[in-house]
Amino acid sequence: MQPTQNYRACANRYDAADILYRRCGKSGVLLPKVSLGFWHNFGGDDSYARCREIAHYAFDHGITHFDLANNYGPPPGSAEETLGRLLRDDFAPYRDELFIATKAGYDMWPGPYGNWGSRKYLMSSLDQSLKRMGIEYVDLFYSHRYDPNTPLEETLQAMVDVVKQGKALYLGISRWPLEALKFACQYLKERDCPLLIYQGRLNLIDRAPQDQGILDYCAEQGIGFISFSPLAQGLLTDRYINGIPADSRMAKEHFLKHSALTPELLDNLKAWNMEAAAQGKTLAEEALAWILRQKGVTSVLVGASSAAQLEKNMQCVYDC
């Protein structure tokens, strides 16, 4: 399936809206149960034609939420540049139908102001992100990680101010500890910029947001929750059931290490795979559906190396 030069979105992309979308906490925002992440496969080193094909498939099937960060690539920043190109080539007429998120928190440029949570870094980073994407605002701006050395008031006030400046419509935080989340929730609420969403890693292998009380707190406070790495970077697929493929992330020791595949985990993967197969599903489909069945979860954030892979992942929306 090759993208057309003059892209027109599928006319019936919202026909299954009742199945595809969930309200994000107690906000007015509806997000697709499956959102598209640009962490991998959308950088400057990737095929633009393939990026375009994936983005077309996503939007044509109701995925309106594209999740980015300043450092996504590689090289850092190039995923946002890819989205900017996609907007110019295809999605400019549909900008108001898209929910675009970006983040700042990890290493982006050298020196003391190129990461973490200072006002200097967050505001400079968002300005750069907007230029790379060629847009005036993002729908959602995240603090990408908790900064233990910067006062929370400084980080949060900078986020409030980008909303007041019209550079972001909503605010989110990612991977903050529970007590910092509680502080952020109260601080932002008092300044009329309520926290929209929390992004954390939740999957069958890593259930920290549940164990730490984060998911329960978000549900109580009307904050949405979106799970990143819902397939544990490919572990929760059938890819590693019979060994480590030579072309896999684990084989390259990039982000996913050999040590992650313990004998105990391999036994669990095989058992989960058999349970899914007994229901006529893949392990990936059942792993995504499991997350969406958890109380308080709004969406799962999936990556995709092809439109066909995204199509398979989307099947989970019918199981929850």
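Me: What makes S9 and S10 a pair of strands, and in which sense do they run, parallel or antiparallel?

Reply: The model here is a predicted one, and in it S9 and S10 are joined by 2 bridges in the parallel sense. Pairing asks for at least two bridges, so the 2 between S9 and S10 satisfy the rule. You can look at one bridge yourself: Ser227 has Val300 of S10 as its partner.

Me: Which larger arrangement do S9 and S10 belong to?

Reply: They are the last two names in a closed barrel of 8 strands, which runs S3-S4-S5-S6-S7-S8-S9-S10 with parallel pairing. From one strand to the next, the twist averages 30 degrees. As background, strands of a sheet pair through backbone hydrogen bonds, either parallel or antiparallel.

Me: Why is helix H11 described as largely enclosed by the rest of the structure?

Reply: Count its residues: H11 covers 283-292, and 10 of the 10 are buried, so the helix is largely enclosed. Among the buried residues are Glu285, Glu286 and Trp290.

Me: Which elements do the buried residues of H11 pack against?

Reply: There are strands and helices in the list. The strands are S1 (21-23), S9 (224-228) and S10 (299-302), and the helices are H7 (208-211), H10 (263-278) and H12 (307-313).

Me: How many disulfides are there, and how do you know?

Reply: The count comes to 0. Such a bond is a covalent one between the sulfur atoms of two cysteines, and the rule wants those atoms within 2.5 Å. For Cys10, the closest cysteine sulfur is that of Cys316, at 19 Å, which is too far for a bond. For Cys193, the closest is in Cys185, at 13 Å, also too far.

Me: Are Cys10 and Cys193 buried, exposed or in between, and what makes them so?

Reply: Cys10 has 28% relative accessibility, so it counts as partly exposed, given that this class lies between 20% and 50%. Cys193 has a relative accessible area of 6% and is buried, since the limit for that label is under 20%.

Me: Why does Arg13 count as buried or exposed, and where does it sit?

Reply: Arg13 lies in the segment before helix H1 (17-20). Its relative accessibility is 12%, under the 20% limit, so Arg13 counts as buried.

Me: What makes the link between Arg13 and Glu97 a polar contact?

Reply: The side chains of Arg13 and Glu97 are joined at 3.0 Å, and the cut-off for a pair of N or O atoms is 3.5 Å, so the distance fits. The side chain of Arg13 also reaches the backbone oxygen of Cys10 at 2.7 Å. Beyond its sequence neighbours, Arg13 is in contact with residues including Phe59, Asp60, His61 and Tyr94.

Me: Which partners do the acidic side chains of Glu80 and Asp90 have in helix H3's surroundings?

Reply: Glu80 is found in H3 (residues 78-91), and its side chain makes a polar contact of 2.7 Å with the side chain of Arg132. Asp90 lies in H3 too, and its side chain makes a polar contact of 2.7 Å with that of Arg52. Glu80 is at 0% relative accessible area and Asp90 at 2%; the limit is under 20%, so both labels come out as buried.

Me: What is the geometry of the peptide bonds leading into Pro74 and Pro75?

Reply: The bond from Gly73 to Pro74 is cis, with omega near -5 degrees. Another cis bond joins Pro74 and Pro75, with omega about -10 degrees. Pro74 is in the loop between strand S4 (65-67) and H3, and so is Pro75.

Me: Why is the protein chain called as compact as a globular protein of its length?

Reply: The chain has 12 helices and 10 strands. Its radius of gyration is 19 Å, and the globule rule gives 20 Å for 320 residues; the two values are close, so the description holds. Of those 320 residues, 56% count as buried.

Terms used:
Residues are numbered from 1 along each chain as its sequence is written. This is a predicted model: local features need pLDDT of at least 70, side-chain atom pairs count only at pLDDT 80 or more; totals for chains, interfaces and linings use all residues. Side-chain values use heavy atoms; hydrogens and water are left out. Buried means under 20% relative accessible area, exposed over 50%, partly exposed in between (1.4 Å probe, protein chains only). Helices (H or I, at least four residues) and strands (E, at least two) are DSSP runs, numbered from the N terminus. Contact means heavy atoms within 4.5 Å. Axes are lines fitted to C-alpha atoms, for helices over the stretch in contact, and angles run from 0 to 180 degrees between N-to-C directions. A polar contact is a pair of N or O atoms within 3.5 Å; within protein, one must be able to donate a hydrogen and the other to accept it, and residues adjacent in sequence count only if both atoms are side-chain atoms. The radius of gyration is taken over C-alpha atoms; the globule rule is 2.2 Å times the number of residues to the power 0.38. Lists of a residue's contacts leave out its neighbours within four places in sequence.
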